[in-house]
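Biologist: Hey, I've got a structure to look at and a few questions about it. Can you pull it up?

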Amino acid sequence: MVLPRLAHRTLRFAGAILCACLLQPAYAAGPVPATLLEAAVPAYPKAALRADEEGTVHVRVRVLATGEPVDVRVEKSSGVRALDEAAVAAVRRSKFRAAQDATGEPVESFATVPFQFVLQD
């Protein structure tokens, strides 16, 4: 039996890699940045798999004081619409802990979340 071409591939997804340097408080008062508690992993879009498309997407998100991700948008496109859309959808499903100001109160902040979509043989 011959397996479809895609079945012979291994997918590697290095996504939702966040460092404190990528998290920027909306207000200069907070010493504690927002934290990505649970990163949703996007499914590799089937159309991108068939077309052997890869890329890195940088997604910008505003994290409310409640930890809710809002205003999610592509900051830097991969050049592949399907990959960009998958990354945005994953950030919307992710869980965040809000940034904190100097007194420990939660504050709104912004974060950039990079997703790298890579196909490996």
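Biologist: Let's start simple: how many helices and strands are in the chain?

Modeller: The chain has 2 helices and 9 strands. Bear in mind that this is a predicted model.

Biologist: What pattern does the chain follow along the sequence?

Modeller: Going along the sequence, the order is β-β-β-α-β-β-α-β-β-β-β.

Biologist: And what share of the residues is buried?

Modeller: Buried residues are 39% of the 121 in the chain. As for the outside, the accessible surface is about 6,900 Å², and carbon and sulfur atoms account for 53% of that.

Biologist: Of the contacts with a separation of 6 or more, how many are between residues 24 or more positions apart?

Modeller: That comes to 75% of them.

Biologist: OK, on to the inside. Which residues touch the most other members of the largest nonpolar core?

Modeller: Those are Y44, V59, V61, L83, V91, F115 and F117, out of 26 residues in that core. Two or more residues each come from α1 (46-50), β4 (55-63), α2 (81-93) and β9 (109-120).

Biologist: Which element gives the most?

Modeller: Helix α2 does, with 6 residues. As a general point, nonpolar side chains in soluble globular proteins tend to be buried together.

Biologist: Take V59, then. What does V59 touch, skipping residues up to four places away in sequence?

Modeller: V59 touches V72, R73, E75, A87, V88, V91, A111, T112, V113 and F115.

Biologist: You listed Y44 and F117 earlier. How many aromatic pairs does the structure hold?

Modeller: It holds 1. Y44 and F117 make that pair in an edge-to-face arrangement, with 5.4 Å from centre to centre and 90° between the planes. The pair links distant parts of the chain, since Y44 is in the loop between β3 (35-38) and α1 while F117 is in strand β9, 73 residues apart.

Biologist: Are those two buried or exposed?

Modeller: Y44 and F117 are both buried.

Biologist: Switching to charges: how many salt bridges turn up in the whole structure?

Modeller: The search finds 4. One of them is between R62 and D71, at 2.5 Å from N to O. R62 also forms a salt bridge with E108, where the closest N and O atoms are 3.1 Å apart.

Biologist: Why does the R62 and E108 one tie together separate parts of the chain?

Modeller: Because R62 lies in strand β4 and E108 in the loop between β8 (106-107) and β9, the pair joins parts that are 46 residues apart in sequence.

Biologist: What else is R62 in contact with, leaving aside neighbours within four places?

Modeller: The contacts of R62 include P69, V70, S109 and F110. R62 and S109 are 47 residues apart in sequence, with their C-alpha atoms 5.8 Å apart in space.

Biologist: Any salt bridge inside a helix? Where do R81 and E85 sit?

Modeller: R81 and E85 are in helix α2, and because they are 4 residues apart there, about one helical turn separates them. They form a salt bridge too, with the closest N and O atoms 2.8 Å apart. R81 is exposed at 65% relative accessible area, whereas E85 is partly exposed at 45%.

Biologist: And which residues do salt bridges with shared partners join into one network?

Modeller: That network consists of R62, D71 and E108.

Biologist: What about T112, is that buried or exposed?

Modeller: T112 is in strand β9, and its relative accessibility is 7%, so it counts as buried. The T112 side chain has a polar contact of 3.3 Å with the side chain of R60 and another of 3.4 Å with that of E75.

Biologist: Last topic, backbone angles. Which residue in the loop between α1 and β4 has a positive phi without being a glycine?

Modeller: That's D52, with a phi of about 55°. D52 is in the loop between α1 and β4, and it is partly exposed at 33% relative accessible area. For context, most residues other than glycine have a negative phi.

Biologist: And what is the phi of D71?

Modeller: D71 has a positive phi of about 50°, and it isn't a glycine. D71 sits in strand β5 (residues 69-76). With 48% relative accessibility, D71 counts as partly exposed.

How values were computed. Residues are numbered from 1 along each chain as its sequence is written. This is a predicted model: local features need pLDDT of at least 70, side-chain atom pairs count only at pLDDT 80 or more; totals for chains, interfaces and linings use all residues. Side-chain values use heavy atoms; hydrogens and water are left out. A nonpolar core is a set of buried Ala, Val, Leu, Ile, Met, Phe, Trp, Tyr and Cys residues joined through side-chain atoms within 4.5 Å. Buried means under 20% relative accessible area, exposed over 50%, partly exposed in between (1.4 Å probe, protein chains only). Contact means heavy atoms within 4.5 Å. Accessible areas come from the Shrake-Rupley method with a 1.4 Å probe; for residues, only the protein chains shown count as cover. Rings of Phe, Tyr and Trp (its six-membered ring) pair if their centres lie within 6.5 Å; planes under 30 degrees apart count as stacked, over 60 as edge-to-face and the rest as tilted. A salt bridge is a side-chain nitrogen of Lys or Arg within 4 Å of a carboxyl oxygen of Asp or Glu. A polar contact is a pair of N or O atoms within 3.5 Å; within protein, one must be able to donate a hydrogen and the other to accept it, and residues adjacent in sequence count only if both atoms are side-chain atoms.
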